[in-house]
2 protein chains.
Amino acid sequence: MKVPIPALTFDFAGIELNRRQGLSRQLYQTLRERILDGRLSGGTRLPASRDLALSLGISRNSVMRAYDQLYAEGFTESRVGDGTYVALLREKSPAAKKLSTHLSTGLSPGLSTKPLIMAAESSNNVIHSTAMHTLDQHHLRPPKSGLPRAFRTGVPAFDLFPFDTWGKLHAAFWRKPGLQHLGYGDPAGEWRLRELIAAYLRTSRDLRCAPEQIVITNGAQQAITLCAQLLLEQGDVVAIENPGYRAAGHAFGVAGARLQGMAVDDEGMRSPALGDSGCKLAYVTPSHQYPLGVTMSLARRLELLAWAERNQSWIVEDDYDGEYRYSGAPLAPLAALDRSGRVLYVGTFGKVAFPALRLGYLVLPRNLVEPFSRRRAVDMRHSEVGTQMVMAEFIAAGHFQRHIRRMRRAALSRRDALLAGWPQELAGCSPMIKPVAGLHVTVAVDTLERETELVAKAENVGVEVAPLSEYWLPGSETPVDDRAGLVLGFAAVPEADIASALGRLRSAWRV
Amino acid sequence: MKVPIPALTFDFAGIELNRRQGLSRQLYQTLRERILDGRLSGGTRLPASRDLALSLGISRNSVMRAYDQLYAEGFTESRVGDGTYVALLREKSPAAKKLSTHLSTGLSPGLSTKPLIMAAESSNNVIHSTAMHTLDQHHLRPPKSGLPRAFRTGVPAFDLFPFDTWGKLHAAFWRKPGLQHLGYGDPAGEWRLRELIAAYLRTSRDLRCAPEQIVITNGAQQAITLCAQLLLEQGDVVAIENPGYRAAGHAFGVAGARLQGMAVDDEGMRSPALGDSGCKLAYVTPSHQYPLGVTMSLARRLELLAWAERNQSWIVEDDYDGEYRYSGAPLAPLAALDRSGRVLYVGTFGKVAFPALRLGYLVLPRNLVEPFSRRRAVDMRHSEVGTQMVMAEFIAAGHFQRHIRRMRRAALSRRDALLAGWPQELAGCSPMIKPVAGLHVTVAVDTLERETELVAKAENVGVEVAPLSEYWLPGSETPVDDRAGLVLGFAAVPEADIASALGRLRSAWRV
């Protein structure tokens, strides 16, 4: 039974965007609405991003972001081969239908209270609004220095990485690489690196695991993708923090999962049990919630673990910036508290070394190691050997621990530079609270309109400030004004650049 | 039924050659283009080389080289005593058929008379343990030298890789890496590497593509996986060579596709059109079929392209060992003949450098670049930057081309060592025919029982000989004995080790 695909053309009529608000968000919403109510039928070809941008008089980047979001959520399909088409949602499975209904009616029933005025101490953290958004940005305006602009999120002080040492370790490895490393390797990764990671996690996180439980990945993103691919079936529900790390949501979405946004309060993500949701998996950032910066309370951790054990569900614990804690002791990771083999721990070197390293790892319950390795072998066999071996030597020789300390000091100093120069009196914004962990800080803003205005004016003077509203799942029921805020990464650039960016912000914002 | 051959004359008009570039190459390209677009119809007599040289004002030698290449690729045919004619490609005349038979020089007659001409068959298949087995094998007995054992397949002479140069390039890159390379990069890969690959493909494969069309991957396996994930829906049918490369089948199987095994004869894989299969995608190794070694005839190439165009299907062309051709000119890749944007070309550096490098690429029709990059970003963002930049420098500085020549010579010499010492009188086996391309050779065996016996006895003396029967899809209808054979990789170990392994084989096999 074949569904005929009508050759429909895209009708621009009636698309009106308010220039004073987030353009990509509005465009995304408009298109989504039209898809859901049938004005844009399945099979309609969307115009090329460049053309639509031209027609609407907005930047191509805004169009791309809207398209990315629609794609990630399954409203469109790019695989057809000659562009992007509206997905055949209605003709598809009941699951797809449910997905669209679900997405249109809103998630996160619990997010009625303003989420940002909650953590007494912190409000803050890392990574980017949508993955694609951030990826695109890198090609827009590469700063001459090669560093990202202030205040890009998700980027550590990689200007401080000891590249000379790194290069010497590379030279040393390749001088006598050992031919046994150069054929097809273990899909789970080089054994020596897995041993060293296990030892590192034991001392730094109190997480006891065997090297056999570690699978090396191409960064945290591939770790999350593997979890999505191996643990989920089409239509499974995934509990995800809302607001949260959108790139993780994309990975689960691509695997066919439905996302259930879970409210985040001052104890971290609320337990999926509260929603009686039938979730198969929960994705969490307990040590430093992204982007709000909350640390998940122990009570909540135990509740989450009990839920997973009871329902035989999975927990993916993303400890993306676990190396950055400036005061207080970290809580034990979920993986260290897990007694029933339900937690998959995600770690990365990208936030300590540099993102382009693309080196991360999973710590898995023992029974998952073989299926994960096998799937990785089918997907891409394994990671390049030199990077793995050099990182192993970097850790073994003590460079890694030294560098972590250096990075922590630098992030702390850059955080303080941001706090010192931040206009605390900024109208319509809550004060910036000193973050105790991580690489970013979040400030609540009273209204979406004010958020949009502040972000746009910052952009005008070449300063990146991420709108918190974009970290929310589409269709969230929380009133738009309650989603507003600013997310600032403070680690990416040196103190002088921070001061200079703050000067420009002050003048752009007239404070 | 005889196809009347019109007496067409050759039209010199419009042939313009740029004297500052390779003349024979330009002439070859011009003629090939005219043959493909019909301006030079089948049956047209080409002018004598001397005459054409005179008319164009170039050396006769240049014309001869162009003619040789056209002939080698099946674009022309010679009639004894009557000159050279444009082949009747589309009509599939007996002459063209005969021609293409003639072309499949890589195939051993022992194979062609035997099991390879078989009925097209279908079989459902997802992951089968043998592929894992193949991957696992690499961990079984690491030889002390670090080299794989003779005669492992799929492994080049990586003991000859200039690791010292590679290490120095790493050291040079990391000494001053350029901070702009160290944040999140382009999911399609580093621009400089993409440019250099495009230039390399132009000169080495006559494949014209823009750097924008190239997406860097984590080896060929990830390239195939991306094709599977982006071009296929659950339940789509994929035509795949049978016997063929099982790891590709696994990637398609994991994406939910059903595999349709296609017979391979002495012209290469039979066209999916023959099976009336409704295939969405065909995966082929036209330059050197894996594992049988056949080169796909030009007629079959055009037939496959016409099928893809007609059905809006995709062709994934895996040119896994395209650098290894020992005599004759290579045929134009499908991607170079493709006029409707249906071919995705897969290339890899693993077979020229070393497998653990995990660096490959896709050449994509332009409209697929964005969805592929986007998906790769969600899956794992991008590949590690240092490896990409060092490979770019390796190519730019000329090391790559020099190394290819070195590797080709080494493979040739190792091939000859295998042929020289092979027991041609081995009972129950067809003789080993000299392969003209690639890194392995296949010998037909009369029965599965004999295959099993030979493989086991080889294993007992520490020699790897892969059973051809394991390259077949499960559930193949071809009688088991017709699937039997031995597959030997000849490039992985030096000549002395080859001789030693052959000595052990002779004694184990009592020949």
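1. Starting with the overall picture: of the 511 residues in chain A, 66% are buried. Keep in mind as you read on that this is a predicted model. Chain A carries 17 helices and 13 strands. Its contacts reach a long way along the sequence: taking pairs at least 6 residues apart, 75% join residues at least 24 apart.

2. Next, the nonpolar interior. The largest nonpolar core counts 207 residues, and the ones with the most contacts inside it are Phe354 and Trp422, in chain A and in chain B. Phe354(A) is a good place to click. Leaving out residues up to four places away in sequence, Phe354(A) touches Phe158(A), Phe161(A), Phe163(A), Trp166(A) and Phe349(A) in chain A, plus Trp174(B), Leu182(B) and Val385(B) in chain B. There is another core apart from that one, with 42 residues; Ala188(A), Leu259(A), Trp314(A) and Phe372(A) are among them. As background, nonpolar side chains in soluble globular proteins tend to be buried together.

3. Ile240(A) deserves a look too. You'll find Ile240(A) in strand β4 of chain A, which runs over residues 237–242. Is Ile240(A) buried or exposed? Its relative accessibility is 3%, so Ile240(A) counts as buried, the cut-off being under 20%. Not counting residues up to four places away in sequence, the contacts of Ile240(A) include Ala248(A), Gly249(A), Phe252(A), Leu259(A), Gln260(A), Gly261(A) and Met262(A). Met269(A), Tyr283(A) and Leu473(A) are also touched by Ile240(A). One distance to check in your viewer: the C-alpha atoms of Ile240(A) and Val264(A) sit 9.7 Å apart, with the two positions 24 residues apart along the chain.

4. Now a helix pair in chain A. Helix α16 (residues 448–460) and helix α17 (residues 495–509) have axes that come within 9 Å and cross at roughly 125°. That angle makes α16(A) oblique to α17(A), because it falls outside the ranges for roughly perpendicular (65 to 115) and roughly antiparallel (over 145). The crossing of the two, α16(A) and α17(A), is right-handed. Which residues of α16(A) and α17(A) meet? From α16(A) they are Leu454(A), Lys457(A) and Ala458(A); from α17(A) they are Leu505(A), Ala508(A) and Trp509(A). By class, the residues of this α16(A)–α17(A) contact split into 5 nonpolar, 1 charged and no polar.

5. On to the backbone, where chain B has a couple of cis peptide bonds worth inspecting. Ala150(B) to Phe151(B) is cis, with omega near 0°. Phe151(B) belongs to the loop between α6 (129–137) and α7 (163–175) of chain B. Asn242(B) and Pro243(B) are also joined by a cis peptide bond, with omega about 5°. Pro243(B) is placed in the loop between β4 (237–242) and α10 (246–254) of chain B.

6. Last, a phi value to check in each chain. Arg381(A), which is not a glycine, has a positive phi, near 70°. Its place is the loop between α13 (366–380) and α14 (385–396) of chain A. Arg381(A) is buried, at a relative accessible area of 10%. For Arg381(B), phi is likewise positive and near 70°. Mind the helix labels when you go looking: Arg381(B) is in the loop between α14 (366–380) and α15 (385–396) of chain B. With 2% relative accessibility, Arg381(B) counts as buried.

How values were computed
Residues are numbered from 1 along each chain as its sequence is written. Chains are lettered from A and ligands numbered from 1 in the order in which they are written. This is a predicted model: local features need pLDDT of at least 70, side-chain atom pairs count only at pLDDT 80 or more; totals for chains, interfaces and linings use all residues. Side-chain values use heavy atoms; hydrogens and water are left out. Axes are lines fitted to C-alpha atoms, for helices over the stretch in contact, and angles run from 0 to 180 degrees between N-to-C directions. Helices (H or I, at least four residues) and strands (E, at least two) are DSSP runs, numbered from the N terminus. Angles under 35 degrees count as roughly parallel, over 145 as roughly antiparallel, 65 to 115 as roughly perpendicular and the rest as oblique. A crossing is left-handed if the near helix is turned anticlockwise from the far one by less than a right angle, and right-handed if clockwise. Contact means heavy atoms within 4.5 Å. Ala, Val, Leu, Ile, Met, Phe, Trp, Tyr, Cys and Pro count as nonpolar, Asp, Glu, Lys and Arg as charged, and the others, Gly among them, as polar. A nonpolar core is a set of buried Ala, Val, Leu, Ile, Met, Phe, Trp, Tyr and Cys residues joined through side-chain atoms within 4.5 Å. Buried means under 20% relative accessible area, exposed over 50%, partly exposed in between (1.4 Å probe, protein chains only).
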